[in-house]
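Trainee: Could we go through this structure together, question by question, once it is on the screen?

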Amino acid sequence: MGNEQRRNPRPGLVLDVDRSTPPVLFHHGEGFRLEKLPAGRSRILYPPEAQPGLKNPDQRIREALENPLGDSEPLSALLKSGMKLTIAFDDISLPLPPMRAPDIRQRVIEAVLDTAASNGVDDIHIIAALALHRRMTESELRHAVGDRVFDAFAPSGNLYNHDAEDPDGMVVIGATPHGEEVQMNRRAAESDLIVYVNINLVAMDGGWKSTATGLSGYTALRHHHNPQTMVQSRSFMDQENSELHKSNWRQGKILKDSGIQIFQIETTVNNNTFGHDGPLAMLQKREWEWTLGDRSAFIGYQTGLRRMSASAKRKIFNGWQSPYEMTSIQAGEVEAVHRQTTENVYKEQLVDVQGQTDILTMGLPYICPYNVNSVMNPVLVACLGLGYFFNMYRGKPLVRKGGVVIMTHPTPWDFHPVHHPSYIDFFERVLSQTKDPVEMSQRYEKAFAEDEWYRHLYRTSYAYHGVHPFYMWYWCAHALDHLGQVVIVGGDPKAVRRLGFRPATTLQDAFEIASDVVGPQPTITHYHSPPILMANVQ
Amino acid sequence: MIKQHLAGKRIAITGSTGFLGTALVELLLREIPDVELVLLIRSARRSAARRIQRDILHNDAFSTLRSTIGKEKFDSLTENQIVPVAADISKDDLGLDSDGLAILQTCDIVIHSAAAVSFDEPLDRAVEVNLMGPVRLVETLKNLDITPHLVMVSTCYVAGSRKGDAPELALSDSPFYVPVDWNDETNAARRTRSYVEDASRRPNNLKGFRESAISELGAAGTPAIASKTETLRQRWVKDQMVDAGRNRASSLGFPDAYTFTKAMAEQAVEETRDRIPLTIVRPSIIESSLQHPFSGWIRGFRMAEPIILNFGRGTLKEFPGIPEGIMDIIPVDLVASAIVAAAAQETSEETTIYQVASGSCNPIRISTITDYVHNFFGENPIYDEKNQPIAPAKWKFPGRGRVVSQLNRANYLLNYAEQILHKLPIRGRSAMLVADIQERKEEIDKAMEYVTLYGKYVECEALYSVSNLITLWDSLSEEDHRTFPFDPRAIDWFDYIYNTHLPTVIAKGRVKTSPAKSTGASRTTRLRTQVLDPKRELAVFDLENTLIASNVVSSWTYLATKRLPAAERFKLVSRTLAQAPSLLALDRKDRTDFLRSFYRRYANAPIEQIDKDAFEMFSELILAKSFPAALLRVREHKAIGHRTLLITGALDFVVKPLQPLFDDIISATLSHNGNSYTGQMQQVPPIGETRAAVLRRYAKTHSYDLTESIAYADSTSDLPMLEAVGFPVAVNPEPKLAALARRRGWLIENFQAASGSPSKMLPIGSRKRN
């Protein structure tokens with residue numbers, strides 16, 4: 001890609017497939033597929049090209065801290081000697097894939113710490129706001145905040161992972177008029193100021209979700225992480241129409257009213273997931289623009305990957321770090337900041353699309369927010385496809401009511417025993433009995449959420465909370481409610497059936513299966529992601 | 001008229017718990033008014049009555065009678081007409097007390113049907129029961145100075161393995177008879193037992209038994225090995241005695257020790273009976289009943305059934321014998337009727353002999369039977385585990401030698417495969433191969449046994465004359481013919497074999513006769529339900545290879561490398577790897593010694609640092625290599641309310657993070673000097689027999705019933721613990737344990753590491769930099 005083009009990236013594209021359209025790329029876990037889509041009734045949604053990054057990010061960070069948005073004083077005015085300061089930051093689930101060092105969080109936290117130091121603040125805690133996610137390992141923390149911050153704060157116990165199950169470490173702030181309890185990390189709640197450092201990868205992130213969810217626990221989360229809320233969030237990527245966000249905002253109001261001071265710092269990154277050049281560059285190019293080099297490299301990868309074991313492939317893909325660049329930073333009062341952030345996200349990801357189709361196809365990549373340095377188990381496959389990708393819309397879903405989603409992913413019956421212990425039991429004992437989010441929430445959720453062993457693993461090891469697999473399934477609730485059928489191409493048939501989906505060997509088979517539901521000659525939309533794209537469906 | 005003659009008589013019967021005995025008791029109770037049956041039962045005095053209830057009256061032979069006359073009447077009938085007497089025919093005076101003797105004294109008829117019919121009876125036992133039993137009976141009667149009609153059940157095969165006519169004559173009158181003295185045979189058999197017992201205790205033999213015990217059990221600890229060694233010695237003695245019996249029998253032309261001792265018995269009784277009138281009834285091969293108590297009734301498994309079943313299952317593809325040979329079988333109810341009819345006859349000084357057989361008057365050829373069997377399984381196939389019908393093979397009668405050598409070859413190959421598998425470091429599903437092989441081997445052993453024995457019988461080709469029997473039959477009234485049918489000529493073989501006998505064999509054989517899934521839960525599911533029953537009290541677990549796929553060496557390597565610079569980490573790991581073979585060998589030999597020497601490596605390890613790193617190791621090594629299904633099982637036990645206990649030779653700091661899973665953890669501990677470990681263990685580590693002892697002590701202290709407890713373990717070194725509880729579970733068993741567990745019917749679980757767990761080639765700690 002030429003420099004000129006990098007400075008003037010092209011917007012997203014809706015391509016109508018005709019006979020001359022080359023086979024299109026589908027991500028397929030730790031691998032890829034090239035698939036031909038039926039001409040005349042298929043369209044492909046391409047994400048916008050990566051916006052150029054900010055030129056002098058450290059400079060821009062300092063400027064943002066001193067020029068807050070909304071009803072907020074500059075950071076330096078908020079920091080006073082003798083105060084209690086808590087810096088909370090987004091955990092390993094952001095961004096995806098992890099970004100090359102230095103991480104944005106490192107840059108921002110260093111800037112905040114500099115300001116704090118010059119204002120004589122010395123009671124500082126730095127907390128990974130991971131809610132019910134797994135704890136970050138030492139090397140992951142080092143990557144996020146940098147060695148300097150880590151070595152200065154971790155050994156003395158002032159840099160650590162949030163622990164939502166610490167009986168002494170959590171405090172209930174109050175409840176919303178809707179009866180939703182609001183809970184927060186005690187240290188954060190009792191601080192004079194919370195500085196929240198966010199990376200806003202998709203439109204769902206940020207705002208009150210940062211503090212009201214990230215620093216919270218099961219007591220509060222269960223009020224919006226449930227099937228009823230999720231089915232009413234259309235979509236949860238669109239704050240205006242998301243019950244999930246409305247609930248979070250109500251909880252945020254309680255936080256604000258209780259006098260908790262929050263200085264929100266939100267950043268956006270560009271769509272440079274696979275690099276403008278380098279080995280994976282072709283993955284963010286449009287297929288007809290692939291050079292001879294791109295083609296031969298791609299064939300080489302395919303050949304190599306075919307010969308590799310699943311764990312070897314995982315190792316290689318998990319090693320990829322994206323050359324993301326920061327495209328914006330805004331700081332100050334939560335809601336004002338977030339409005340601006342969301343606008344910036346939309347600018348980078350939104351693509352206008354006309355109308356719905358019968359079938360939505362998507363190639364699921366190897367990574368989702370919950371399997372960084374881990375294994376994408378079948379539950380996460382479902383969540384990535386039906387939770388994240390399906391919900392990447394404003395207006396209406398890309399696929400009509402009663403339509404079919406076809407996704408490609410190997411969907412192996414594989415689980416990471418350290419990260420996802422409760423998923424294993426969820427898959428064996430819950431999904432084998434029911435796929436209905438409401439029924440499972442009533443019959444099984446509490447037992448998993450309050451299980452002593454899962455609690456122990458969440459607190460002392462690196463396990464997602466016992467209730468987390470349920471949330472992943474609730475994430476799919478809107479799609480499950482909307483769709484007539486889900487087909488996974490190339491997945492382990494047993495695992496796919498356990499999810500309640502139909503397995504297919506090839507995309508053509510999947511179209512055949514889908515035609516039982518949507519009739520012959522269906523219209524098809526292919527959601528060509530990553531890089532990330534959000535459909536604005538009119 | 002038989003009924004009138006026997007009405008109100010007092011008849012003593014030995015062997016009433018056997019197949020023929022039960023039929024006799026049923027027939028007499030059913031047909032003879034006011035008959036009194038004195039049943040001589042081997043048991044403690046008080047429980048003779050109970051044993052009659054359990055072993056005779058509860059048999060389905062009586063269900064027809066019970067339902068015809070009603071339960072109440074049946075109960076009073078048996079109550080009034082059966083006199084239980086505890087007796088033991090291997091003792092003088094039959095082990096009778098004065099009451100017993102008094103009862104016996106009043107008997108009009110004595111039917112002796114007790115025998116050791118098993119074909120692998122040790123020589124001396126066959127002699128004591130089959131030969132000396134009747135001799136003692138006769139002595140007792142003589143001592144009591146009574147002369148009741150003695151009806152002795154023998155067998156046609158006392159004629160020996162030969163061809164041609166075998167008349168109903170005393171053996172001494174037979175031209176083929178080799179005269180031997182029964183007294184000499186008895187003494188010789190008893191001496192043989194002492195010789196064999198002595199031989200079994202010779203150093204060389206004892207060493208051999210011990211070696212086999214070790215090779216079977218591995219490092220199971222001294223007590224387990226000792227008990228196994230003694231079992232092996234006793235088995236060896238038995239085998240030797242069985243062999244001695246067979247050899248002595250065949251040297252005299254008998255197919256086995258049973259027929260040989262029976263032949264001796266006929267002569268001994270003849271010689272010693274004085275004035276006691278004697279009738280000998282010689283049935284051929286007794287099989288399921290023709291009509292009474294209901295058609296197809298059978299008790300226990302007879303000689304032909306295993307062969308028929310193995311044929312149906314496809315495991316036996318050939319059969320010894322000659323197609324045109326005659327298979328002399330006789331339904332049990334015919335034999336019982338013949339005995340009763342014989343007992344009802346007037347006695348004389350001369351011994352009367354009846355042969356109850358079909359071969360001479362209503363012969364059925366082996367080829368006809370095999371055709372029936374072949375067609376039967378063609379129409380009613382047995383289904384294999386995959387629900388496919390098994391096609392029966394067509395027997396080609398290659399002769400016994402070929403069949404045996406075929407089976408021998410199969411056995412040899414399996415033995416070879418087993419030996420190799422035993423040497424491989426495999427577990428779980430692949431180790432189950434060994435169990436499968438062992439099962440196949442046992443099947444072949446059994447088939448071989450039956451082929452050998454049955455072959456001898458079918459190759460006999462003697463024709464047992466039944467002229468006395470027919471004369472008796474002809475002398476009886478119409479009514480007797482109806483009530484006590486025993487005419488072998490009346491058997492319709494096709495109907496009997498096809499419609500009566502084979503369906504019975506199938507039903508008794510518990511084989512799959514339809515492709516449907518078995519209606520009951522599978523055995524594993526059933527065992528699992530038992531294990532997870534709320535009635536259980538304590539669930540005890542081993543750690544390594546039961547809950548996690550890790551071991552003491554990898555945890556040490558992890559901790560030792562955690563804070564080393566890169567170059568040294570690999571040096572240490574490769575050094576440990578180089579030592580692996582010797583470590584393994586030591587572990588196999590004695591696990592306690594292995595742990596003791598290995599844990600020395602922890603000498604001078606700083607406690608605080610180890611404790612901290614152990615928690616990281618919990619995530620990086622222990623959990624990563626855990627079996628999720630196993631951890632779930634622990635949690636299930638806990639949820640049910642069982643107490644959960646971990647007993648492991650691993651060190652306390654290694655297993656500490658597992659604490660929430662268990663109510664208690666018993667592990668090895670190192671002594672320390674305040675800041676660092678010394679590398680010496682504080683007590684004997686809880687493994688092998690110590691583990692069982694620790695478990696017993698724990699159960700006693702906390703008042704748990706071990707028979708209501710469950711133990712999970714993976715290796716034969718855990719045998720003492722597994723054997724200590726009522727519900728042992730073999731987890732991913734190594735080959736030896738797999739075979740053992742399968743044989744003993746234990747639950748076997750294959751818990752696997754999560755597919756997708758991070759594969760770490762070497763147990764190296766992720767580097768800790770501060």
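**Sheet, hairpin and interface**

Mentor: In chain B, an open sheet of six strands follows the order 14-13-12-17-18-19, with parallel pairing, where strands are DSSP runs of E of at least two residues and helices runs of H or I of at least four, numbered from the N terminus, and two strands pair if DSSP finds at least two bridges between them. The model is predicted, so that local features need pLDDT of at least 70 and side-chain atom pairs count only at pLDDT 80 or more, while totals for chains, interfaces and linings use all residues. Residues are numbered from 1 along each chain as its sequence is written, and chains are lettered from A and ligands numbered from 1 in the order in which they are written.

Trainee: Which strands of chain B stand at the edges of this sheet?

Mentor: An edge strand has a single partner strand, so one side of it is left without a neighbour in the sheet. In chain B this applies to strand 14 (664-668) and strand 19 (747-749).

Trainee: Which residue of strand 14 of chain B stands opposite B:I647?

Mentor: Strand 13 (residues 643-651) of chain B runs parallel to strand 14 of chain B, and four bridges join them. Opposite B:I647, in strand 14 of chain B, stands B:I666.

Trainee: Which residue of strand 3 of chain A is the bridge partner of A:L25?

Mentor: Strand 2 of chain A and strand 3 (residues 32-35) of chain A run antiparallel and are joined by four bridges. In strand 3 of chain A, the partner of A:L25 is A:L34.

Trainee: Is A:N272 buried or exposed?

Mentor: A:N272 belongs to the loop between strand 11 (262-269) and helix 11 (292-307) of chain A. A residue is buried if 20 or more other C-beta atoms, placed from the backbone, lie within 10 Å of its own, exposed if 12 or fewer, and partly exposed in between. Because A:N272 has 23 other C-beta atoms within 10 Å, it is buried.

Trainee: Which helix of chain A gives the largest share of the side that touches chain B?

Mentor: Counting two residues as in contact if their C-beta atoms, placed from the backbone, lie within 7 Å, 20 residues of chain A are in contact with 19 residues of chain B. The elements of chain A that give two or more residues to this side are helix 15 (421-430) and helix 18 (452-460). The largest share, four residues, comes from helix 18 of chain A.
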